[in-house]
Amino acid sequence: MITTNGTLGFILTVLLAVLLSASLAIATKVHTDWVLSVRNKFAGQKQSLDALKEHDSRRHLRMLAGIDLPLGGDGRPNSAGLYYAKIGIGTPLKDFYVQVDTGSDIMWVYCLHCKGCPNKNYLGMDLAQYNLKDSHTGKLVSCDQEFCLEINEGPISGCSANKSCPYTEVYGDGSSTAGYFVRDAVQYDQVSGNLQTSSANDSVIFGCGARQTGDLSSSDEALDGILGFGQSNSSMISQLASSGKVKKMFAHCLDGTNGGGIFAIGHVVQPKVNTTPLVQNQPHYNINMTAVEVGHSLLNISRDAFGTGGTIRTIVDSGTTLAYLPEVIYKPLLSKIFANQTDIKLRTVHNQYTCFQYPGSVDDIFPPVTFHFENSVSLKVYPHEYLFLFNELWCIGWQNNGLQYKDRKDIILLGDLVLSNKLVIYDLENQVIGWTEYNCEYNSCLPFYFRIRAFICI
């Protein structure tokens, strides 16, 4: 199916597991497959540099604060991610617009009578609120249920079997969210063996947000909730995988030009990608970087930047817009990039972005930047990807961690700036992540689907 909003379309799909025989015959292993229409939250809007940086700053406070919390995800609606999907919850069905976020572990939506919750979203539309009593299929998750005991690492003091399982998150900026868990039917489009779609639903445990404080009461970027794709057993993908609904794998292919692309759950068998291991026991998707290459020469990085094992911890996060580097990498990287461009005059925009004028193709005069990771896996970022246009100026997407997050100067955070125009695969069953360059433009979705054998464009 083809969506009417073309390049702004962006889909969340559950893939069929595909087995290729020597004769190239195709057989499918049937799972309950998901198809959701997903859009870019900023699509069609003129983005300001301040808005991008503010979005990332709020998000990083949230991510760092969540590292030491038992419940790894958080679900902050005003800083979670740039992509959102419409899902149906309950019986009878009610639509909710939730943000798709690889940095969060739970799905949650606003609940009826929520205290401190915004009433309207950032578009000025009324936010949807979930009411357990209105759904024939909704049930409270009690404190003695396995799900509650697992995410809280044991019984909660004062929480008896007849009480609902609570959750609370407190963030680095002082904001907090609290509520309780419920189980209800979540509706989606199911992919059948002949790649046709039909409505289906599964019972999923999610959070019912009852109280928000601080910035969480703002409508600036608020939607109805969040759909977390983190590694925790509380995430939706973990719940579906544990019940045999899907494989514990997902992928995305983001169009860096038009803001669309593909988001999928399940096993991608083609194209093949090289993978690097995920760092174990981390709440976010961490991998180990070993070197940075500019053009055809390795960047000279201070040994102080490397941890044990000669690597630098790198977080891959599709909800972050730019890319954040330690100062010991940021300064020599920019120096190397502009080494042969002495005629270009740099200027500072909004007191934080380095920009310049250039009328031609930046790919003709600037070198690509390649990050190297364990298992000899590399990630190449081209000039037109790490530079972006703003008011007829080219601005640098690399950001200096040392200027903003001194407690994070040894961490690299790679966002959409470097993840766009690549098929990125998260294989949680084998604890690896990999990628390959790919044309994620919406119009190329049909050949992409034929190579993958399981994507559907809507």
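The side chain of Ser-243 has a polar atom 2.9 Å from the backbone oxygen of Leu-240. Ser-243 sits in the loop between α3 (236-242) and β13. At 47% relative accessibility, Ser-243 is partly exposed. Keep in mind throughout that this is a predicted model.

So, confidence next. The mean pLDDT of the chain is 74, and 69% of the residues reach 70 or more. The lowest confidence in the chain is in strand β2, residues 17-20, with a mean of 26. The highest is in strand β22, residues 369-373, at 97. Residues 60-81 have pLDDT below 50, and the model still gives this stretch 85 contacts beyond near neighbours in sequence. Residues 442-458 also stay under 50. For that stretch the model has 56 contacts beyond four places in sequence. Where pLDDT is low, the predicted coordinates should not be read in detail.

Now the aromatic side chains. How many aromatic pairs does a search of the whole structure find? It finds 15. I will take two of them.

One is Phe-250 with Tyr-285, an edge-to-face pair with 6.0 Å between centres and 65° between planes. Phe-250 belongs to strand β13, residues 249-254, and Tyr-285 to the loop between β15 (274-277) and β16 (286-294), so the pair ties together parts 35 residues apart in sequence. Both Phe-250 and Tyr-285 are buried.

The other pair is Phe-371 with Trp-398. This pair is edge-to-face too, at 5.7 Å centre to centre and 65° between the planes. Phe-371 is in strand β22 and Trp-398 is in strand β26, residues 398-400. The two residues are 27 apart, and their pairing links distant parts of the chain. Phe-371 is buried, at a relative accessible area of 0%, and Trp-398 is buried at 1%. Strand β22, which holds Phe-371, is the strand I named for highest confidence.

Back to Phe-250 and Tyr-285 for a moment. Ring pairs join them with Phe-229 and Tyr-426 in a cluster.

Next, salt bridges. The whole-structure search finds three. As background, side chains of opposite charge can pair when their charged atoms come close.

Lys-120 and Asp-126 form one of them, with a nitrogen-to-oxygen distance of 2.7 Å. Lys-120 is partly exposed, at 40% relative accessible area. Asp-126 is exposed, at 59%.

Another is between Lys-331 and Glu-327, where the closest N and O atoms are 2.9 Å apart. Both residues lie in helix α4, residues 327-337. They are four residues apart, about one turn of the helix. Glu-327 is partly exposed, with a relative accessible area of 33%.

Then there is Glu-385 with Lys-422, at 3.6 Å between the closest N and O atoms. Which parts of the chain does this pair tie together? Glu-385 lies in helix α5, residues 383-386, and Lys-422 in strand β28, residues 422-427, so the pair ties together parts that are 37 residues apart in sequence. Are Glu-385 and Lys-422 buried or exposed? Both are buried.

Last, the backbone. There is a cis peptide bond between Thr-91 and Pro-92, with omega at about 5°. Pro-92 is placed in the loop between β5 (83-89) and β6 (94-101).

Two glutamates have a noteworthy phi. Glu-153 is not a glycine, yet its phi is positive, about 55°. Glu-153 is in the loop between α2 (146-151) and β9 (166-170), and it is exposed, at 69% relative accessibility. Glu-392 also has a positive phi without being a glycine, in this case about 65°. The loop holding Glu-392 runs between β24 (387-390) and β25 (393-396). Glu-392 is exposed, with a relative accessible area of 70%.

To recap: the buried side chains I went through include the rings of Phe-250 and Tyr-285 and the charged residues Glu-385 and Lys-422. Among the exposed residues were Asp-126, Glu-153 and Glu-392. For the stretches at 60-81 and 442-458, the pLDDT values given earlier apply. That is all I have.

How values were computed:
Residues are numbered from 1 along each chain as its sequence is written. This is a predicted model: local features need pLDDT of at least 70, side-chain atom pairs count only at pLDDT 80 or more; totals for chains, interfaces and linings use all residues. Side-chain values use heavy atoms; hydrogens and water are left out. pLDDT is the predictor's confidence in each residue, from 0 to 100. Contact means heavy atoms within 4.5 Å. Rings of Phe, Tyr and Trp (its six-membered ring) pair if their centres lie within 6.5 Å; planes under 30 degrees apart count as stacked, over 60 as edge-to-face and the rest as tilted. Buried means under 20% relative accessible area, exposed over 50%, partly exposed in between (1.4 Å probe, protein chains only). A polar contact is a pair of N or O atoms within 3.5 Å; within protein, one must be able to donate a hydrogen and the other to accept it, and residues adjacent in sequence count only if both atoms are side-chain atoms. A salt bridge is a side-chain nitrogen of Lys or Arg within 4 Å of a carboxyl oxygen of Asp or Glu.
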